[in-house]
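Reader: I'm new to reading structures, and I'd like a close look at just one part of this one: the salt bridges. Could you walk me through them, and then show me what else there is to see in the side chains?

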Amino acid sequence: MLKPEGKRFVWLAVLVLCSLPLFYANAERPFTENAPKQPIDFFHRVHVGVKQIQCGYCHRETAKAAFAGMPSTQLCMRCHRVVIPNHPEIKKLHNYFDQGKAVPWERVHHLPGFVVFNHKAHIAANVPCAKCHGDVARMDRLQQTAPLTMGWCVTCHRQNKAPTDCGTCHH
């Protein structure tokens, strides 16, 4: 018969072994091929690179909330009521706007469900958006350029003297 300490060890070992497939499945998946087709061809290269629109103008929640948020169709229409309104992709935007619907963008940057990422904390720490999202000013179709794995994030946290305790990212 095992002592209570031995039982705890056995349960911990079972928990760890059963969790390994979850960690492995999300650990080192290919990320450079992650440029999903979007409902509207949106070119970050034009908006960020050519027009010099700051990330926070469209992704307004980054400084206030954990999630960056997507721009509303109303925000996009501030410009696109008059800026190339007859372009086929902009007509798609007008259609969503006229229906009172949000554009159903496909998520590009994926983290495992057991990870909590806080944009607000990173913005407050002056982490440039490009650190995780790459040089979007040169991207036509947005793609994930960083692996966003635990090791990648922990390395950055250590280099920048940010917290590395488990509760920082795993709540």
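Author: Let's begin with a term we'll need: a residue is called buried when its relative accessible area is under 20%, exposed when it is over 50%, and partly exposed in between. Please also keep in mind that this is a predicted model.

Now to your salt bridges. Side chains of opposite charge can pair when their charged atoms come close. In this model the count is 5 salt bridges, and we can visit some of them.

Start with E61, which has a salt bridge to K64, with 4.0 Å between the closest N and O atoms. How accessible are the two partners? E61 has a relative accessibility of 34%, so it counts as partly exposed, while K64 reaches 56% and therefore counts as exposed.

Next, look at helix α5, where E89 and K92 sit 3 residues apart, which is about one helical turn. Their side chains meet in a salt bridge, at 3.1 Å from N to O. Here E89 is buried, because its relative accessible area is 14%, whereas K92 is partly exposed at 33%.

The pair of R45 and D140 has another story to tell. The closest N and O atoms of this salt bridge are 2.5 Å apart. R45 belongs to helix α2, but D140 lies in the loop between α7 (129–133) and α8 (150–159), so the pair ties together parts that are 95 residues apart in sequence. R45 is partly exposed, with a relative accessible area of 33%, and D140 is partly exposed with a value of 33% too.

Rings can link distant stretches as well. There is 1 aromatic pair by count: F42 and W105 meet edge-to-face, with their centres 6.3 Å apart and 75 degrees between the planes. F42 is in the loop between α1 (4–27) and α2 (44–50), and W105 is in the loop between α5 and α6 (119–124), so this pair joins parts 63 residues apart in sequence. F42 is partly exposed at 28%, and W105 is partly exposed at 24%.

A charge can also meet a ring: R60 lies over the face of Y57, 4.6 Å from the ring centre.

Finally, glance at the surface without charges. V82, V83 and I84 make up a nonpolar patch there, together offering about 280 Å² of accessible area. One of them, V82, is in the loop between α4 (73–80) and α5 (88–98), and V82 is exposed at 67%.

Key:
Residues numbered from 1 in each chain as written. Predicted model: local features only at pLDDT ≥ 70, side-chain atom pairs only at ≥ 80, totals over all residues. Heavy atoms only, no water. Patch = residues over 30% accessible without salt bridge, like charges linked within 9 Å, V, L, I, M, F, W, Y side chains within 5 Å. Areas by Shrake-Rupley, 256 points an atom, 1.4 Å probe, with all protein chains shown as cover. Helix = DSSP H or I, 4+ residues; strand = E, 2+ residues; numbered from the N terminus. Buried < 20%, exposed > 50% of the residue type's maximum accessible area, 1.4 Å probe, protein only. Phe/Tyr/Trp six-rings, centres within 6.5 Å; stacked < 30°, edge-to-face > 60°. Lys NZ or Arg CZ within 6 Å of the ring centre and 35° of its normal.
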